[in-house]
Protein chains: 4
Amino acid sequence: MSDEKPQIGRLGSFVLLASCPDRKGIVAAVTEFICRHEGNILDLEQHVASDDAMFFMRVEIDRSGFRLGEEEFATAFQPIAGRFAMQWELRRTDRRPRMAIAVTREPHCLYDILVRHQSGEWAVDIPLVFSNREDLRATVERFGIPFHVFPITPDTREAQEARELKLLAEERVDFLVLARYMQILGPAFVHAYPNRILNIHHSFLPAFAGARPYHAAFERGVKIIGATSHYVTAELDRGPIIEQDVIRVSHRDSVEEMIRKGRDNEKVVLARAIRAHLEHRILVYQNRTVVFG
Amino acid sequence: MSDEKPQIGRLGSFVLLASCPDRKGIVAAVTEFICRHEGNILDLEQHVASDDAMFFMRVEIDRSGFRLGEEEFATAFQPIAGRFAMQWELRRTDRRPRMAIAVTREPHCLYDILVRHQSGEWAVDIPLVFSNREDLRATVERFGIPFHVFPITPDTREAQEARELKLLAEERVDFLVLARYMQILGPAFVHAYPNRILNIHHSFLPAFAGARPYHAAFERGVKIIGATSHYVTAELDRGPIIEQDVIRVSHRDSVEEMIRKGRDNEKVVLARAIRAHLEHRILVYQNRTVVFG
Amino acid sequence: MSDEKPQIGRLGSFVLLASCPDRKGIVAAVTEFICRHEGNILDLEQHVASDDAMFFMRVEIDRSGFRLGEEEFATAFQPIAGRFAMQWELRRTDRRPRMAIAVTREPHCLYDILVRHQSGEWAVDIPLVFSNREDLRATVERFGIPFHVFPITPDTREAQEARELKLLAEERVDFLVLARYMQILGPAFVHAYPNRILNIHHSFLPAFAGARPYHAAFERGVKIIGATSHYVTAELDRGPIIEQDVIRVSHRDSVEEMIRKGRDNEKVVLARAIRAHLEHRILVYQNRTVVFG
Amino acid sequence: MSDEKPQIGRLGSFVLLASCPDRKGIVAAVTEFICRHEGNILDLEQHVASDDAMFFMRVEIDRSGFRLGEEEFATAFQPIAGRFAMQWELRRTDRRPRMAIAVTREPHCLYDILVRHQSGEWAVDIPLVFSNREDLRATVERFGIPFHVFPITPDTREAQEARELKLLAEERVDFLVLARYMQILGPAFVHAYPNRILNIHHSFLPAFAGARPYHAAFERGVKIIGATSHYVTAELDRGPIIEQDVIRVSHRDSVEEMIRKGRDNEKVVLARAIRAHLEHRILVYQNRTVVFG
């Protein structure tokens, strides 16, 4: 039996994310495996990237009645994973992820996240926000969330990022959202959270990467501006894109108007990306994303 | 092995469309059945309508290597269909459907369809176009397609529709597209082609059903206008919606401007609906559609 | 000299909003009048509704150097207004309007407005929020804004609305925003603030007016849902539309998903309507709006 | 008296396009001038680019009753133009422009233009289509329009372009539309038609300039693809942008799907740009466009 609302069961559900070279019989093997252990498939999506014949799959399994626990699953699933040379991971929907936020001065994405969190829109905990500046302390603390400042200069970057990583580890943070954080993360930091740092860039990437994208968009005279949420990789603004959206502008819009209108777009693009991440709907392959349903 | 392009195999593929009350094990049973007969699943999508616990599924099976032909499939699949009280149909992608078109005076949707057809965008044959008027004869015949006229008056409607149905039957028409056909089809006609008559209505239904929707939209002062493609049912403009889209208007747009801008919207909405129908991606249930992929 | 940013001058600017039957020479007469009194036109937009030949105009005049004050303008402009049978009003951009908000239980539009206000996005004061329930008191008071509760029953409506009107008058409120206020205002209330009560309705009007529009949209199986901001008139959900926008949904979206996705749409539609109202860009005529640039 | 439909008068109307450094009194001077010569302003739009204080204006004047003819206007307007250091041009709406089209192999934009032309959607004449290949001859000739082929190799480019220019001159072509013309025009050609060659580029510029933009977009994993219509300048894909639009894609879309979906976007973006050009609504300044109303 399937259902759109995953967390109905007392025990929540498992989400199996898997990818492998495409071959005959993958879906049948996986679904037969689940059925054999009395699992109830709540949702199943699959995709084959035809250009390089890679297979991607997301299956959500009701844990009520399912005979396998987290560790048993790994053992029991091993033969199938081996046969298809599958990369896979299993996630539990009853475990609220812990999300940290990094900000600098712009409050709009931060506010948007805090309000959604407070309204209960997302099943997530926010143990901390950190920044390289003091500006947004009051905003964050008003929502009862600890605010940490790590000032960054070229000389202190490495040491400060080490302290940030230590804090994230202590707080058992699962993933980090850069909500208009105006510092470039060093390679050690990026390496510590692969496909677990979400950024919002205020342009329609790959157009206008780097600094001051609205100014660049204005200069170029574009008729549409965008925002892009992507996972952070070592290469600036080049990570796998999760979500993008755009809004229409015209000659009437000054740079300031573009910035103002763009904010509403940035907020919603970042929120959609966070939601997809929280729901374990994203698979990354070849610096691109598969974002299921 | 899966693939995005269905018709790769020499024999094309089967599309299985199925729906039933939601229960445990449907996906596993169907995929195991396909696998057992050496079938290769090219694509699989499923959906559960949580409000009434109905299960919907679309599976595309490569016919190369598949041990079942069309009739054998029916027999072999019967036990599964019976067990789950499943409604199902099997379609072949190597069989080009035959599409008829009905028009009156507006040429834009007609032209759009004829050009797509001629460009080879769709795997469809168009054996005929019919109309209640002569106006578009030259447009149609220029594309080498027979054009039939059935003038309609209140007194002749029933007899003329019978003649139309006879023609459609003779030409083995699979489905009919009303490309701005300005006559209301009688119940006998509608009944003859259930979920096989596609209409384009020039409003965002359910707003502005009936005649002169752009005039009504202008009167109401809306800031967005739409178009809706739906299957025709006995109730006017109330059939299951396949596709909708909108465009922005403003106080600057007169009714004439709305009509002009709306045409581009109508064309693309109808074209998307036709494509979904041709690719066997639509399931109808409770006067709503599930449109896969 | 013109400029996109109105409030540059020390004294701000005047906005002249005018409408009259269309005739030759209106623009020339008005601009010559402004020029003669040493006024600097910052922005000028005009529109003629061709269906009924009505002329609409918005002119923004820099007050620096302009020889006319508010009262003198009225006297000096009278001959032109008389000649063209013009309806007109003059507004000052240096005077921050006072906006009240009415809410019930849904916090998303309220939060969105409070955060924009706090971020300084709008030149507006918010002296109060009122509600028929206690639910959102903490949210409002956190932003340092007084929160008033007027419980409503069929028997008390008239008396309570009189108290609300008294409060609005005492606080010199210029206009009222219904940010998902789930009570129907009585005729006396509506009459007191003509074209000065903005509502957000959670559907693409005129589709799904009245209660539970997302449920109705789901039932009808639409592929797009919308939100509409309009001025409140005596007829429910029938007032002049200021702004609308839509988002795409599919069979995958349950009613709950539509409600969740719709919230982001409602917020931005209401915010745009408020901004247009604040910038004196809206003219109402025949239950429709002209929303300038 | 104003009106949305310009060509009502027996004589059509004049469109005055003007730009100059922003100063006090420009609108008043121009409108007073028109009024003094008994001109009836049908439409007036103005814009000030605040970043560099440039003023732009478009005025449409009914020629019925207007005392000035084309040449008299130039003389009479000279004092105002001189006073404000104005660049200006005057166009007549009763004179159908002559538009040439260049194509290579892709038929979709060509077809779209020919059908709109045939339907009378635009007030334009199309005296010829030229190409570097024979492929689309039948498509063009079916619409009764002469088709010319100028094969291009690196060695013959210059000579062939000279022949093309000669043909355009003989046919008194006002502007040229590159409807997926897959040759780069040489500097002499571009120089001959400043802001009078419209191109459609199949990406959201400045992203994915140059060849094979859909392939590049697929590689980068974007979630939205676009199309851009711009005036051609010496620098490839860098000319002033007239119109852009986008469509949403996902991991499900192969390059071929992007190409197919993109076509519908290209068609409508190019059609909107052509319409704006035909209606004399475009002003170019600093490699950007002002596109009025």
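Colleague: What turn and what shift lay chain A on chain D?

Modeller: A turn of 180° does it, with a shift of 0.0 Å along the axis. The RMSD is then 0.0 Å. Bear in mind that this is a predicted model. In chain A, A:Ala207 has the C-alpha nearest that axis, 2.3 Å from it.

Colleague: How do you know that chains A and D meet through the same surface?

Modeller: Compare the interface residues. Of those in chain A, 100% are also interface residues in chain D, so the copies use the same surface. Chain A gives 25 residues to the contact and chain D gives 25. Strand E11 (241-248) and strand E13 (288-291) of chain A each give two or more residues to the side that touches chain D. By class, that side of chain A has ten nonpolar, nine polar and six charged residues.

Colleague: Now chains B and C. What makes their relation that of a two-fold axis?

Modeller: Look at the rotation. Chain C is superposed on chain B by 180°, with 0.0 Å of shift along the axis and an RMSD of 0.0 Å. That is how a two-fold axis relates two copies. Within chain C, C:Ala207 comes closest to the rotation axis, with its C-alpha at 2.3 Å.

Colleague: How many residues does each of these two chains bring to the contact?

Modeller: Chain C brings 25 and chain B brings 25. On the side of chain C that touches chain B, strand E11 (241-248) and strand E13 (288-291) each supply at least two residues. That side divides into ten nonpolar, nine polar and six charged residues.

Colleague: Let us go inside chain B. Why are helix H1 and helix H2 of chain B called roughly antiparallel?

Modeller: Take the crossing angle. The axes of H1(B), residues 26-36, and H2(B), residues 70-84, cross at roughly 175°. The cut-off for roughly antiparallel is over 145 degrees. The angle passes it, so H1(B) is roughly antiparallel to H2(B). The two axes come within 11 Å.

Colleague: Which residues make that helix contact?

Modeller: H1(B) uses B:Ile26, B:Ala29, B:Val30 and B:Phe33. H2(B) uses B:Phe77, B:Ile80 and B:Phe84. By class, the contact has seven nonpolar residues, no polar and no charged.

Colleague: Which residues of H1(B) are buried?

Modeller: They are B:Ile26, B:Val27, B:Ala28, B:Val30, B:Thr31 and B:Ile34. To be called buried, a residue needs 20 or more other C-beta atoms within 10 Å.

Colleague: What do these buried residues pack against?

Modeller: Some of the partners are in chain A: helix H1 (26-36) and strand E2 (40-49). Others are in chain B: strand E1 (13-21), strand E2 (40-49), strand E3 (54-62) and H2. Just after H1(B), B:Glu38 takes a positive phi of about 65°.

Colleague: What makes B:Gln286 exposed?

Modeller: Count its neighbours. B:Gln286 has 12 other C-beta atoms within 10 Å. Exposed means 12 or fewer, so B:Gln286 qualifies. The residue lies in the loop between strand E12 (282-285) and strand E13 (288-291) of chain B. Its phi is near 55°, which is positive, and it is not a glycine.

Colleague: And why is D:Ala53 called partly exposed?

Modeller: D:Ala53 has 13 C-beta neighbours inside 10 Å. Exposed stops at 12 and buried begins at 20. The count falls in between, so D:Ala53 is partly exposed. D:Ala53 sits in the loop between strand E2 (40-49) and strand E3 (54-62) of chain D. Here too phi is positive, about 55°, in a residue that is not a glycine.

Colleague: Where are the cis peptide bonds of chains A and D?

Modeller: One runs from A:Leu205 to A:Pro206, with omega near 10°. Another runs from D:Leu205 to D:Pro206, also with omega near 10°. A:Pro206 is in the loop between strand E9 (197-201) and helix H7 (213-220) of chain A. D:Pro206 is in the loop between strand E9 (197-201) and helix H7 (213-220) of chain D.

Colleague: Last, the core. Which residues have the most contacts inside the largest nonpolar core?

Modeller: They are A:Ala179, B:Ala179, C:Ala179 and D:Ala179, in a core of 310 residues. Take C:Ala179. Beyond its neighbours within four places in sequence, its contacts include C:Ile101, C:Val103, C:Leu110 and C:Leu270.

Notes. Residues are numbered from 1 along each chain as its sequence is written. Chains are lettered from A and ligands numbered from 1 in the order in which they are written. This is a predicted model: local features need pLDDT of at least 70, side-chain atom pairs count only at pLDDT 80 or more; totals for chains, interfaces and linings use all residues. Copies are superposed by least squares on the C-alpha atoms of residues with pLDDT of at least 70 in both. Two residues are in contact if their C-beta atoms, placed from the backbone, lie within 7 Å. Helices (H or I, at least four residues) and strands (E, at least two) are DSSP runs, numbered from the N terminus. Ala, Val, Leu, Ile, Met, Phe, Trp, Tyr, Cys and Pro count as nonpolar, Asp, Glu, Lys and Arg as charged, and the others, Gly among them, as polar. Axes are lines fitted to C-alpha atoms, for helices over the stretch in contact, and angles run from 0 to 180 degrees between N-to-C directions. Angles under 35 degrees count as roughly parallel, over 145 as roughly antiparallel, 65 to 115 as roughly perpendicular and the rest as oblique. A nonpolar core is a set of buried Ala, Val, Leu, Ile, Met, Phe, Trp, Tyr and Cys residues joined through C-beta atoms within 7 Å.
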